[in-house]
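Q: Could you take me on a close look at the aromatic pairs in this model? I would like to know which rings come together and how they sit.

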Amino acid sequence: MTVEFTHVTLGQRVLFGAGLAREGLAGELARLGARRPLILAGDRERAMAEQVVGGLEESAGVERLSWHGDVAMHVPVDVAERARAAAAAAEADVVVAVGGGSTTGLAKAVALTTGLPIIAVPTTFAGSEATNVWGMTEDGRKTTGVDDAVLPASIVYDAELTASLPPAMAVASGLNALAHCVDSLWAPRADPINGALAAEGARALSAGLPLLHRDPDADAGREQVLYGAYLAAVAFASAGSGLHHKICHVLGGAYDLPHAETHAVVLPHVLAFNGPAAPAAQRRLAEAFGSDSAMSGLAALYDAVDAPSALADHGMAAADIPAAARLVAAVVPDSNPRPAAERQLVGLLTAAQNGDRAAWGL
Ligand code: NAD
């Protein structure tokens, strides 16, 4: 069989190690020659960020540290403007994001207009730190774009920083990462490299999530999940958005549903829909899950972690389904393994909205 592809690998430094965030951040600041970092951290992440940043002024040649804590989901434009003003007032030469996808997203909004480098210190499994995709919202509409200027120069991964995530949030965030892996297998720029990353990501996530769920205090599960989440994000950045991400983007933007939970609920429904038309992807996932089939492996994982199951529990009304299906139908990628017309999307969204497990087809 001929192997032929065009693949782009994004350039960034990735440091990974439990308990090493402080040391790692100091090293990256010194390497960039940064003297006036602006630290972005929301209220819930502030104490954690203070620990990571503690002592930097002495150890990394830092002149002045500035803080900005005004962070919001999906980066509203006014929130982005205030962060840009804070960066200007601080004469910042680097933005350090300590937090989840919302905080990294805010750092990207600053980088987009200022060109400042970002050091990302993730505290969830969202994966925004490994992509060159930015997103912002205005009047309830989410705009996204791709620009290498927003790709963090460095990522400092420390699994200990995810320990404070409430268990249900950790599970939803890890399943959001798994959705990056699965969707990469049929996304517009799917290729053997991002396929390999996605498969290893799915393996690590499906191994780590039950450990994390069983014992939130143990490190091993969190490390596996964080490692898998990074691979997932690299695969997603390279392969682009498939049907799953198109659906979740519409739901998050138009109905303000929570990001990670929405991805977690929708994933099995997309796998049930696309899987039969994508046998190679199914085989790969079955192998990654160590299961007879992709769907039974995913179902076993969902049972093991008490995964969220219905969009109705997260704010989606049945009345919104027809309009949502119309919006999704307009953006289904040509690469999708089977056509997804409005009528079929109504079926998929209805099953996801009311948590109809029979639709998984097991
Ligand atoms: P988030 O960053 O909004 O965090 C969710 C909640 O968890 C927040 O209340 C936050 O304060 C809290 N939190 C974060 N870390 C914590 C910790 N360690 N302990 C306790 N609480 C903690 O949500 P998210 O799911 O990480 O990110 C979602 C956002 O990221 C969305 O806006 C999404 O569009 C974006 N995203 C972007 C990309 C991209 O490539 N651009 C990729 C993935 C996600």
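**A look at the aromatic pairs**

A: Happy to walk you through them. Phenylalanine 16 is a good place to begin: its relative accessibility is 38%, so this residue counts as partly exposed. Please keep in mind that the model is predicted. Tyrosine 157, by contrast, counts as buried, with a relative accessibility of 1%.

These two residues form a pair. By the ring-pairing rule, there are three aromatic pairs in the count. In the pair of phenylalanine 16 and tyrosine 157, the ring centres are 5.7 Å apart and the planes stand at 50 degrees, so the pair is tilted. Phenylalanine 16 belongs to strand E1 (residues 13-16) and tyrosine 157 to strand E8 (residues 154-157), so their pairing ties together parts that lie 141 residues apart in sequence. There is a third ring to look for here, since Phe16 and Tyr157 form one aromatic cluster together with Tyr230.

Now for another pair, tyrosine 302 with tryptophan 360. Their ring centres are 5.8 Å apart and their planes are at 90 degrees, so this pair is edge-to-face. Distant parts of the chain are linked here too: tyrosine 302 sits in helix H12 (residues 294-304), while tryptophan 360 sits in the segment after helix H14 (342-354), and the two are 58 residues apart. As for their surroundings, tyrosine 302 and tryptophan 360 are both buried.

Note on methods:
Residues numbered from 1 in each chain as written. Predicted model: local features only at pLDDT ≥ 70, side-chain atom pairs only at ≥ 80, totals over all residues. Heavy atoms only, no water. Phe/Tyr/Trp six-rings, centres within 6.5 Å; stacked < 30°, edge-to-face > 60°. Helix = DSSP H or I, 4+ residues; strand = E, 2+ residues; numbered from the N terminus. Buried < 20%, exposed > 50% of the residue type's maximum accessible area, 1.4 Å probe, protein only.
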